[in-house]
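Subject: The structure I promised you

Hi,

Here is the structure I said I would pass on. Have a look at it first, and then read my notes below.

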Amino acid sequence: MDTLETSKSLDKELYSRQLYVLGLPAMRRIQGAKVLLSGLQGLGAEVAKNLVLMGVGSLTLHDPHPTCWSDLAAQFLLSEQDLGRSRAEASQKLLAELNGAVQVCVYTGNITEDLLLDFQVVVLTASRLEEQLRVGTLCHEHGVCFLVADTRGLVGQLFCDFGKNFTVQDPTEAEPLTATIQHISQGSPGILTLREEADAHHFHTGDWVTFSGIEGMVELNGCDPRPLHVREDGTLEIGDTTAFSRYLRGGAVTEVKRAKTVSHEPLDAALLQPRVVAQSPQEVHRARCLHQSFRSLHKFQQLHGRPPKPWDPVDAEMVVDLAQAMGPLKGTEGEPLEEQLDESLVRTVALSSAGGLSPMAAVLGAVAAQEVLKAISGKFMPLDQWLYFDALDCLPEDGDPFPNPEDCAPRRCRYDGQTAVFGADFQEKLSHQHYLLVGAGAVGCELLKGFALMGLGAGGSGGVTVADMDHVELSNLSRQFLFRSQDIHRQKAEVAAEATRRLNADLQVTPLNLQLDPTTEHIFGDDFFSGVDGVAAAVDTFEARDYIAARCTHFLKPLLEAGTTGTRGSAGVFIPHVTENYKAPSDAASEDAPEPVCTVRYIPATAEHTVQWAKGEFDDLFCESAKTINSHPHALSSPEGLVKSQKQPLLQTMRGVLTERPQTWRDCVLWALGHWQLRFHYGITQLLRTYPPDKVQEDGTPFWSGPKQYPQPLEFDASQDTHLLYVLAAANLYAQMHRLPGSQDQTALRGLLNLLPLPDPQNMDRIFASELELDSPSGCKQLHEDLKTWSKGPSLEPLTFEKDNDSNFHVDFVVAAASLRAQNYGIPVASHAETKRIVGRIIPAVVTTTAAVAGLVGLELYKVVGGPRPRHAFRHSYLHLAENYFSRWVPKAPDIQKFHHLKWTCWDRLEVPAGQPERTLESLLAHIQELQGLRVTMLLHGSAQLYSAGWSEEKQARHLSRRVTELVKKEPGQRVLVLELGYEGEEYDTNFPRLHYKL
């Protein structure tokens with residue numbers, strides 16, 4: 001097999017989110033890979049789209065069959081204008097537009113043995129079993145990785161054969177574990193104590209580790225990987241350290257991932273002895289029954305020259321008979337499996353197998369593309385070897401009538417593939433839906449694609465409103481199908497709406513360049529939601545999800561939501577009065593919470609602490625100080641004003657060792673060198689004067705113990721790259737802030753630094769003292785005089801941190817500052833990429849996970865639109881593509897709360913009309929007591945009290961005689977006031993149903 005000879009550089013900004021998942025070595029291998037994809041119906045299009053967006057080197061398309069109407073329900077690369085054209089040729093142009101770095105070719109001949117030798121991976125979709133067996137045998141013989149993917153209606157299968165000895169270079173998605181060392185003993189075995197005891201729980205006996213940054217026992221630094229043994233007390237045995245030097249301080253222990261080898265059977269053997277991916281014995285049995293269903297469908301096709309007709313009971317019974325006639329499958333030891341065939345399952349599969357659905361294609365296409373990447377890169381464990389996925393829960397419940405054959409017959413329209421499963425009446429219902437999509441990012445774009453293919457809102461009264469206030473960025477293009485390079489800097493909502501209309505001209509898409517939050521409730525209010533049938537949320541924070549979910553609860557609208565992190569994804573469905581409402585994970589509240597300031601500033605213990613500190617340095621030095629001088633000149637008018645402004649320390653460090661505004665590059669270098677000395681040498685020295693090594697706390701324990709690592713001052717050395725990078729970045733940023741030219745010449749800078757003396761310690765005393773004396777005017781007089789020159793010159797340029805630009809020294813400064821801070825405290829240093837991820841709060845992402853969760857949302861949408869369904873029909877989903885984990889489960893019912901005779905859930909509310917003329921507050925309270933049989937003791941609107949039984953009689957009388965709208969400010973167009981009630985005898989934490997006061 002050949003790989004591409006590629007000298008092209010990898011666009012790290014384009015693939016930035018993907019690189020956090022796959023890593024640079026894997027991306028290099030992907031960039032040089034050649035893949036053959038045969039079959040360009042909906043599933044094949046999904047596989048192709050994902051591979052092109054992720055940057056595979058070359059993709060060759062093969063499908064000489066003509067485009068037909070049934071393709072259009074799932075094949076987004078084709079349109080009505082392509083009917084009759086070869087699917088592969090018609091798909092090539094749009095695919096090539098997705099990524100100019102990928103060669104997208106079309107092959108029109110037969111698949112021969114010689115052809116296969118030119119590829120690393122071959123994928124067959126929508127192929128006959130005979131072709132699968134022929135190509136699979138050849139690929140297995142020649143060491144070409146081979147995949148088969150197929151969907152039939154609401155069921156799908158995926159098969160992988162990567163050969164007898166396939167090496168997985170990196171089996172898991174998790175980063176190698178790293179922990180900070182507290183102590184290492186000399187002995188056999190040497191005992192390693194971690195600084196954080198909790199870290200020991202992440203290591204396991206048999207893990208292999210190496211070491212870095214150790215002082216004293218330097219023999220361990222960079223050593224060959226050593227196996228460890230976790231002891232009961234949480235310490236780690238790391239082998240013989242008897243002959244090593246005595247451990248002094250610092251260092252980190254890091255897990256070393258080890259390659260694994262997997263062995264796959266060829267298709268002909270795996271057909272009879274299938275190894276299936278499943279999470280339980282019940283799932284294994286269901287997967288085997290689906291396996292037999294697919295074999296029977298192939299046999300039916302072979303016998304009759306056609307697939308079963310949609311919902312034809314005669315054809316379905318023939319498929320069941322074929323399945324029954326097959327011999328038993330074999331178990332892992334080759335023994336016959338005496339399992340009962342689920343005839344009802346096989347029959348349902350056969351009845352609904354004629355259709356092609358975009359959500360099914362999205363799910364299976366995502367998993368298949370991820371397996372192709374595993375084959376190319378050796379990154380993550382491949383499937384072993386069959387995966388079956390079904391969403392037959394989308395069909396009517398037992399006892400409800402299935403669609404009839406006439407309703408599902410082809411109509412020569414773009415939805416034929418979907419009506420073959422659900423019928424024309426359901427299609428009509430879909431077309432009249434009006435949905436709100438919040439977020440036009442990666443998941444949002446995939447959802448819009450699905451909506452267009454499904455025909456959601458494509459009728460006269462239907463539509464989709466998409467809300468997103470962000471703009472298209474380069475990093476979006478590797479994950480978001482609707483955007484192109486010419487769209488960069490345009491509004492996401494507008495671009496996505498235009499692209500969706502090109503997929504389906506009948507779809508009514510309205511873009512709004514807004515976000516859903518309390519500031520836009522006057523737009524997304526009663527009038528707006530009264531015309532919405534449901535909401536799909538594709539946002540990337542739990543805070544945003546919580547808010548959207550609260551609005552859906554308020555307006556009693558179904559919510560479909562999805563999210564991803566790396567190769568992990570989830571999709572949820574929340575139906576009023578049927579399921580629980582959305583709740584963020586219990587740990588979500590603390591996910592984005594910053595660390596305590598004192599921890600980050602004085603006693604960092606993790607790489608995250610050092611990066612947070614470095615980002616704070618950037619903001620203070622190059623943004624806040626400039627804003628202060630530009631916008632608050634009055635604060636500099638006197639020493640006393642400087643103290644009152646609370647900006648003295650900020651401005652003191654911004655001035656640093658200089659006594660006047662910088663005029664040259666040399667001045668900026670001098671300032672940067674002085675700040676290096678302040679932060680990484682002098683400041684640490686001063687800290688240790690206050691908290692010496694033997695400092696003891698009031699309880700008698702040493703101050704420097706546990707996570708508090710005793711720091712060491714650094715000595716500046718221009719020959720060390722990190723020292724030089726810090727001064728280079730800091731000096732350039734200081735120059736930018738003062739509107740001076742900078743320099744990128746590291747050689748010249750190193751020469752200049754060798755000539756410059758280190759700052760005078762007295763200057764350091766002056767700067768450091770002012771940082772500690774916030775309320776004292778002492779020392780402010782000189783600072784005040786020095787800063788007059790700053791306020792009189794041209795305005796300063798505040799620098800706003802940019803995480804995706806590696807050429808402006810922003811990231812360089814944070815990387816260098818965090819690294820030096822880590823060296824001070826003996827903390828593992830964050831890499832450049834990890835620093836960018838932390839400081840930019842970047843969520844690792846790949847298009848495969850995005851496409852999969854969008855498909856899962858689409859499947860639940862079928863159920864929501866289909867009409868009232870019991871709770872057990874719906875599914876929450878979670879998948880982890882890197883670890884071949886797939887789970888779907890029934891949502892919980894809403895919690896029932898009780899108080900006296902009342903029972904309610906989160907979806908219930910008490911609706912009371914205001915009346916004409918509007919009733920008084922006294923009348924309202926009496927009406928509620930009559931309805932509920934309980935006396936109201938408290939009535940709130942937001943935080944405002946409208947009534948309290950604890951008020952004086954005079955105050956109660958003033959309120960009771962007035963109308964509610966006289967006590968509450970009503971927004972224009974507002975139809976409902978939401979009020980909170982308290983009843984006599986209630987518990988403190990009782991949340992009663994809200995009162996919806998209908999105006």
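Which residue in strand 3 is the bridge partner of serine 58? It is glutamine 103. Before I go on, keep in mind that this is a predicted model, where local features need pLDDT of at least 70 and side-chain atom pairs count only at pLDDT 80 or more, while totals for chains, interfaces and linings use all residues. Residues are numbered from 1 along each chain as its sequence is written, and side-chain values use heavy atoms, with hydrogens and water left out.

Back to that pair of strands. Strand 2 (residues 58-62) and strand 3 (residues 103-106) run parallel and are joined by four bridges. To get from strand 2 to strand 3, the chain passes through helix 4 (residues 87-98), and this β-α-β crossover is right-handed. Some vocabulary: helices (H or I, at least four residues) and strands (E, at least two) are DSSP runs, numbered from the N terminus. Two strands pair if DSSP finds at least two bridges between them. A crossover is right-handed if, with the strands pointing away from you, the path from the first strand over the helix to the second goes clockwise.

Next, an open sheet. Seven strands form it in the order 11-10-14-8-9-13-12, with antiparallel pairing. Strand 11 (226-227) and strand 12 (229-230) are at the edges with a single partner strand each, so one side of each has no neighbour in the sheet. Inside that order, strand 10 (residues 208-212) and strand 14 (residues 252-255) run antiparallel and are joined by four bridges. Valine 209 sits opposite glutamate 255 of strand 14.

Further along the chain, strand 28 (residues 936-941) has two partners to look at. With strand 30 (residues 976-983) it pairs in the antiparallel sense over four bridges, and leucine 940 has glutamate 980 as its bridge partner there. With strand 29 (residues 944-948), strand 28 also pairs antiparallel over four bridges, and here leucine 939 is matched with tyrosine 947. Strand 28 and strand 29 make a hairpin with two residues between them, and glycine 942 in the turn has a positive phi of about 65°.

Now the inside. What do Val122 and Leu154 do in the largest nonpolar core? Of its 161 residues, these two touch the most other members. Helix 29 gives this core its largest share, twelve residues. A nonpolar core here is a set of buried Ala, Val, Leu, Ile, Met, Phe, Trp, Tyr and Cys residues joined through side-chain atoms within 4.5 Å. Buried means under 20% relative accessible area, exposed over 50%, and partly exposed in between (1.4 Å probe, protein chains only). Leaving out residues up to four places away in sequence, valine 122 touches several residues, including Leu36, Val135, Cys139 and Phe146 (contact means heavy atoms within 4.5 Å).

Helix 29 (residues 847-866) deserves its own look. It has 20 residues and reaches 29 Å from its first C-alpha to its last, close to the 28 Å expected at 1.5 Å a residue (the expected span is 1.5 Å times one less than the number of residues). Of its 20 residues, 19 are buried. Glycine 867, with a positive phi near 120°, follows helix 29.

How many disulfides does the structure hold? Zero, where a disulfide is a pair of cysteine sulfur atoms within 2.5 Å. Take cysteine 160: its sulfur is 9.0 Å from the closest cysteine sulfur, in cysteine 145, which is too far for a bond. For cysteine 552, the closest cysteine sulfur is in cysteine 906, 12 Å away, again too far for a bond. Cysteine 160 is buried at 0% relative accessibility, and cysteine 552 is buried at 2%.

Last, some backbone oddities. Most residues other than glycine have a negative phi, and most peptide bonds are trans. A cis peptide bond joins serine 188 and proline 189, with omega about 5°, and proline 189 lies in the loop between strand 8 (178-184) and strand 9 (191-194). Leucine 556 has a positive phi near 55°; it is partly exposed, at 28% relative accessible area.

Enjoy exploring!
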